[in-house]
Amino acid sequence: MTQSVIPPSPSVEDYAAQLAANGDESIFQRDDPFALFVDWLQAAKASEPNDANAMTLATVDADGLPDARMVLLKDVDARGFTFFSNQESAKGEQLWAHPSAALLFHWKSLRRQVRIRGVVEAVSEAEADAYFASRARESRIGAWASDQSRPLESRAVLEARVAEQTAGFADRDVPRPDRWTGWRVTPQQIEFWRDRPFRLHDRLRFDLQGGAWTRTRLWP
């Protein structure tokens with residue numbers, strides 16, 4: 001190629017433009033990682049072009065090979081970080097076999113990221129029902145139509161399945177299929193990262209020890 005597709009390293013001016021946004025030292029006095037996460041997510045909602053709640057979900061398969069994909073965070077509280085999907089999908093099968101996961105939020109507009117590692121458990125049926133009922137009708141029909149992660153012959157086959165399910169649920173509610181549920185990642189470790197000039201980034205890690213969070217500043 002005549003021109004590299006890799007962006008150049010930031011200039012002094014580029015670094016200076018980010019310093020004001022990520023220079024608040026008070027984050028290192030925060031004791032509650034969930035409250036800090038919510039603050040950062042609120043900021044991301046105001047600055048990201050779309051899907052500020054998008055996160056990478058990393059799992060391992062039966063052979064121990066890592067796997068990762070983007071999913072959407074749908075709830076966060078002191079219990080953990082919740083998302084929903086088809087439990088017969090690749091991610092679902094991996095989570096049932098190895099109930100632990102890592103999450104990564106990367107907000108490019110803020111030059112910040114949050115890394116989370118923890119154990120995974122399924123949400124209650126009531127929680128799964130409530131969230132499923134909040135989705136658009138077409139999305140609920142799609143959950144019935146899709147054999148997620150299985151080989152698909154063509155787009156036409158998918159569209160035919162959607163049409164079949166649409167007709168089947170005509171004039172009635174679309175309930176949650178048994179294979180569709182949610183998972184909650186209960187964190188054991190949460191790390192906050194933010195850009196600082198010349199790659200001298202800030203890193204703050206919270207570790208859950210004896211039911212309480214400890215706070216450690218890390219070298220960049």
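## A walk through the rings, strand β7 and the main pocket

By the ring-centre rule used here, with centres within 6.5 Å, the count comes to 16 aromatic pairs. Start with one of them: select F192 and F206. Their ring centres are 5.9 Å apart and the planes meet at 80°, so this pair is edge-to-face, the cut-off for that label being over 60 degrees. The two rings come from distant parts of the chain, with F192 in strand β7 (residues 180–194) and F206 in strand β8 (residues 202–209), 14 residues apart. Buried or exposed, these two? Both F192 and F206 are buried. Keep in mind as you go that this is a predicted model.

Next, select F34, F37, F81, F105, W107 and W213 together: they make up one aromatic cluster.

Now for arginines over rings. Show R112 and W40: R112 lies over the face of W40, 4.8 Å from the ring centre. Then jump to R217 and F28, where the charged end of R217 sits over the F28 ring, 3.8 Å from its centre.

Back to strand β7, where you'll find Q189. Q189 has 19% relative accessibility, so it counts as buried; the limit is under 20%. What does its side chain reach? Look for D207: a polar contact of 2.8 Å joins the side chains of Q189 and D207. Widen the selection, skipping neighbours within four places in sequence, and Q189 is in contact with R115, I116, R117, R205, F206, D207 and W213. You've met two of those already: F206 as the ring partner of F192, and W213 in the aromatic cluster.

Stay on strand β7 and pick R184. At 3% relative accessibility, R184 counts as buried. Its side chain makes a polar contact with the side chain of T82, at 3.4 Å. Beyond neighbours within four places in sequence, R184 is in contact with R79, G80, F81, T82, V119, V120, E121, V123 and E127. F81 is another familiar name, from the aromatic cluster. For a sense of scale, draw a line from R184 to L19: their C-alpha atoms are separated by 35 Å, and the two are 165 residues apart along the chain.

Last stop, the largest pocket, which holds about 330 Å³ of space. Which residues should you select to find its centre? Of the 17 lining residues, F84, S85, R135, Q148 and W180 lie nearest the centre. Colour β2 (66–72), β4 (80–86) and α5 (137–145) too, as these are the elements giving two or more residues to the lining.

Notes:
Residues numbered from 1 in each chain as written. Predicted model: local features only at pLDDT ≥ 70, side-chain atom pairs only at ≥ 80, totals over all residues. Heavy atoms only, no water. Phe/Tyr/Trp six-rings, centres within 6.5 Å; stacked < 30°, edge-to-face > 60°. Helix = DSSP H or I, 4+ residues; strand = E, 2+ residues; numbered from the N terminus. Buried < 20%, exposed > 50% of the residue type's maximum accessible area, 1.4 Å probe, protein only. Lys NZ or Arg CZ within 6 Å of the ring centre and 35° of its normal. Polar contact = N/O pair within 3.5 Å; in protein donor to acceptor, adjacent residues only side chain to side chain. Contact = heavy atoms within 4.5 Å. 1 Å grid on protein atoms, 1.4 Å probe; cavity = no way out; pocket = protein on both sides within 12 Å on 5 of 7 lines; lining within 4 Å. Points joined across faces, edges and corners; volume = space filled by probe spheres on them.
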